[in-house]
Structures are given as C-alpha cells and as structure tokens.
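Trainee: Hello! Could you walk me through this structure, one question at a time?

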Amino acid sequence: MNLGVVDRIRAAVYEVEHHTRATAPGAGQYTGEESRVYDWARRHTAHLEAEQQQAREAIIYRQGLEHAIAAGDTTVIRRHPCPQCGCYGLYWRAEARRAVCVNHYCTDDTGVSNTWELKRLAQDHIARQGAVARRAT
Ligand SMILES: [Zn+2]
C-alpha cells in the first residue's frame, strides 16, 4: 500500500467535498466511498449555474491530471494547447509542478518560458468543452 497515494486520494476527496458544500450547503457530509465522490458532487450541484458546474468539472478534471501525473503519465499534459500561444508543445516540469511551453517565442516579459498550473489547463479544457456543448444544442 502506497501511503502517498492514499493521502493524495484523501486530499482529492476532501477538496471535492469541501467545494461541493461551499457551493451547495445542503449537500452535507460525504460519507460514501472515495470513488463515488464525483457522482455525489454532481448530484448535489446539478441545479447550479453553468459557471459553477464548470468550476466543479474543472476540479474533477484537474484531479484526473494530477492522478495521471502522480502515476507517472505526464503525457496527459500534451493534450492541452498552451493557454498563451495555442501550440501543443507543453511538457511537464515536475520540480516546478507546472506545464512549460516549448515555443521559444512564448515567454514572459523577461524572456522566461511561460508555465501553467494544472488548474489553468483544466479550466481552459472545461471551458472549451462547454463552448462545444453549447454550440451543439
Ligand atoms: Zn505557449
């Protein structure tokens, strides 16, 4: 049993539970299995504004990225375009815990490569999905 994994999953469940109660106070304590917490969160927040549902989905998606990276699969980063330049040249820099853009022209004012937190990649990803879903209806 890897304690790091247990702690990470526990922290992930706590975050979802906390976020759900913050947006839907009636949700109460989560007492179910860890693997069911996303269902629980969606059930208790399904009535909320689209924006709040997107925030929930962005957390769930970000946790998926975190789990994949913790399991050694950093290729999940490459599926996301750089939020600044749009290229698919992001790679994971483990020590900084950020995605780095490989594009030489994609830098900040001091010439340092732009880097992104998983949170930002997840928010952009969910926002794109939302835009697609809205166009489809
Ligand atoms: Zn870039």
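Trainee: Which protein donors hold the zinc ion?

Mentor: Happy to start there, and please keep in mind that this is a predicted model. The donor atoms lie 2.2 to 2.4 Å from the zinc ion, and each is an SG atom. The residues that supply them are Cys-82, Cys-85, Cys-101 and Cys-106.

Trainee: What arrangement do the four donor atoms make around the zinc ion?

Mentor: Look at the angles between them. Ideal angles for four tetrahedral donors at a metal are 109.5 degrees. Around this zinc ion the four donor atoms subtend angles of 107 to 112°, so the arrangement is tetrahedral.

Trainee: How are the donor residues of the zinc ion spaced in sequence?

Mentor: You can follow them along the chain as Cys-82, Cys-85, Cys-101 and Cys-106. Written as a pattern, the spacing is C-x2-C-x15-C-x4-C.

Trainee: Which parts does the pair Cys-85 and Cys-101 tie together?

Mentor: The two residues are 16 positions apart in sequence, while their C-alpha atoms are 8.7 Å apart in space. Because each sits in its own element, the pair ties together the loop between helix 3 (50–70) and strand 1 (90–93), where Cys-85 lies, and Cys-101's home, strand 2 (residues 98–101).

Trainee: Is Cys-101 buried or exposed?

Mentor: Its surroundings are worth a look: leaving out residues up to four places away in sequence, Cys-101 touches Cys-82, Cys-85, Cys-87, Gly-89, Leu-90, Cys-106, Ser-113 and Asn-114. Cys-85, one of these, is partly exposed at a relative accessible area of 34%. For Cys-101 the relative accessibility is 2%, and the limit for a buried residue is under 20%. Cys-101 is therefore buried.

Trainee: How far apart are the C-alpha atoms of Tyr-105 and Cys-85?

Mentor: Find Tyr-105 in the loop between strand 2 and strand 3 (115–116). Tyr-105 is exposed, with a relative accessible area of 77%. Along the chain, 20 residues separate Tyr-105 from Cys-85, and the distance between their C-alpha atoms is 8.7 Å.

Trainee: Which residue has a positive phi although it is not a glycine?

Mentor: Go to the loop between strand 1 and strand 2, where you will find Arg-97. Arg-97 counts as partly exposed, at 49% relative accessibility. The phi in question is about 55°, and the residue is Arg-97.

Trainee: With which residues is Thr-115 in contact, leaving aside its neighbours within four places in sequence?

Mentor: Thr-115 has its place in strand 3 and counts as partly exposed at 24% relative accessibility. Its C-alpha atom is 9.4 Å from that of Tyr-91, which is 24 residues away along the chain. With those sequence neighbours left aside, the contacts of Thr-115 are Arg-98, Ala-99 and Val-100.

Trainee: And which residues is Gly-28 in contact with, once its neighbours within four places in sequence are left aside?

Mentor: Gly-28 belongs to the loop between helix 1 (3–23) and helix 2 (37–45). It is partly exposed, with a relative accessible area of 25%. Val-16 is twelve residues from Gly-28 in sequence, and their C-alpha atoms are 12 Å apart. The contacts you asked for are Arg-21 and Trp-40.

Trainee: Now for the whole chain, in what order do the elements run from the N terminus on?

Mentor: Count the elements before ordering them: the chain has four helices and three strands. Its C-alpha trace spans about 50 × 45 × 25 Å along the principal axes. Starting at the N terminus, the order is α-α-α-β-β-β-α.

Trainee: What share of the residues of the chain count as buried?

Mentor: Think of the surface too: the accessible surface comes to about 8700 Å², and 51% of that belongs to carbon and sulfur atoms. Among contacts with a separation of 6 or more, 38% are between residues 24 or more positions apart. Of the 137 residues of the chain, the buried share is 34%.

Trainee: One last thing: how far apart are the mean positions of the positive and negative charges of the chain?

Mentor: The chain carries 18 positive and 16 negative charges. Taking the mean position of each group, the separation is 4 Å.

Key
Residues numbered from 1 in each chain as written. Predicted model: local features only at pLDDT ≥ 70, side-chain atom pairs only at ≥ 80, totals over all residues. Heavy atoms only, no water. Helix = DSSP H or I, 4+ residues; strand = E, 2+ residues; numbered from the N terminus. Buried < 20%, exposed > 50% of the residue type's maximum accessible area, 1.4 Å probe, protein only. Contact = heavy atoms within 4.5 Å. Areas by Shrake-Rupley, 256 points an atom, 1.4 Å probe, with all protein chains shown as cover. Lys, Arg positive; Asp, Glu negative; His and termini not counted. Charge placed at Lys NZ, Arg CZ, Asp CG, Glu CD. Donors = N, O, S within 2.8 Å, 3.2 Å for Na, K, Ca; no water. Tetrahedral: all angles 85-135°; square planar, octahedral: opposite > 155°, others 65-115°.
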